[in-house]
Amino acid sequence: LEIYGWYVSEGWTANNTRIGIANTNTVFVDRIEQLVNNMGYNSRVQKQDRKDSQYKPCYNIWIYNKQLTTLINSSFGRGCDNKHLPPWVFDLSNKQLIPLMRGLFLGDGSKFITGGRIYISYTTKSKTLIVQLWQLLTRFGLIACVQHNKKKNAWKLSFSIRGGDLDDVSTWKQSDYKQRWRTDDDNIYLPIRKIEQIDYDD
């Protein structure tokens, strides 16, 4: 399942016959290549040097399998604006979700410290994906803030944690900092931002 997370965050398909996943971190490149090999698919790593030498070279991991490419396109979408998770993902147990979330957050997620607090964030151009991720995170007791950058047309969710590793969602424990929501066994209660009266003529 982890390879699907990497595709959603960093991947694309070409000619309906192959899948590409890009990254600049050689540790992650080796990890992705190993995942592909463990699945029994043929792969090739292509190094691309940047024109500006201040940037690290980018590595494209190519996966050659027409059936897998078709499955990826139909299940997870094609193009960064259209990425999404298929319905069966929501039937997975939390334990089964961990590798999928690992690929997602190691790809387009980040862990950073600001104001002495630890935050995790995820950025995508797909509104559908950001809503789906928000829903999945609630299963781990995590409530994220969602923001839309109109200039970049990108969606970002973020939340503060007391600790944990970026590659294992089960280790993330929500911080109580500025917590403005309440939960019970079945519901999440979010604060009302604004109440306004609008006159209309029916």
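How many bridges join strand 5 to strand 6? The legends below begin with the whole sheet and then turn to its strand pairs.

**View 1. The open sheet of four strands in the predicted model.** The strand order is 5-6-8-7, and the pairing is antiparallel. Strands (E, at least two residues) and helices (H or I, at least four residues) are DSSP runs, numbered from the N terminus; two strands pair if DSSP finds at least two bridges between them. Strand 5 (109–114) and strand 7 (145–149) are the edge strands, each pairing on one side only. From one strand to the next, the twist averages 30°. Axes are lines fitted to C-alpha atoms, for helices over the stretch in contact, and angles run from 0 to 180 degrees between N-to-C directions.

**View 2. The hairpin of strand 5 and strand 6.** Six bridges join these antiparallel strands. Thr-114 stands opposite Arg-117 in strand 6. Two residues lie between the strands, and Gly-115 takes a positive phi near 60°.

**View 3. Helix 4 (residues 94–108) across strand 5 and strand 6 (117–124).** The helix runs at about 90° to strand 6. Contact means heavy atoms within 4.5 Å.

**View 4. Strand 8 and its two partners.** Strand 6 and strand 8 run antiparallel and are joined by seven bridges; Ser-121 has Ser-158 in strand 8 as its bridge partner. Strand 7 pairs with strand 8 (residues 154–161) in the antiparallel sense over five bridges. His-148 stands opposite Trp-155 in strand 8.

**Notes on the model.** Residues are numbered from 1 along each chain as its sequence is written. In this predicted model, local features need pLDDT of at least 70, side-chain atom pairs count only at pLDDT 80 or more, and totals for chains, interfaces and linings use all residues, while side-chain values use heavy atoms, with hydrogens and water left out.
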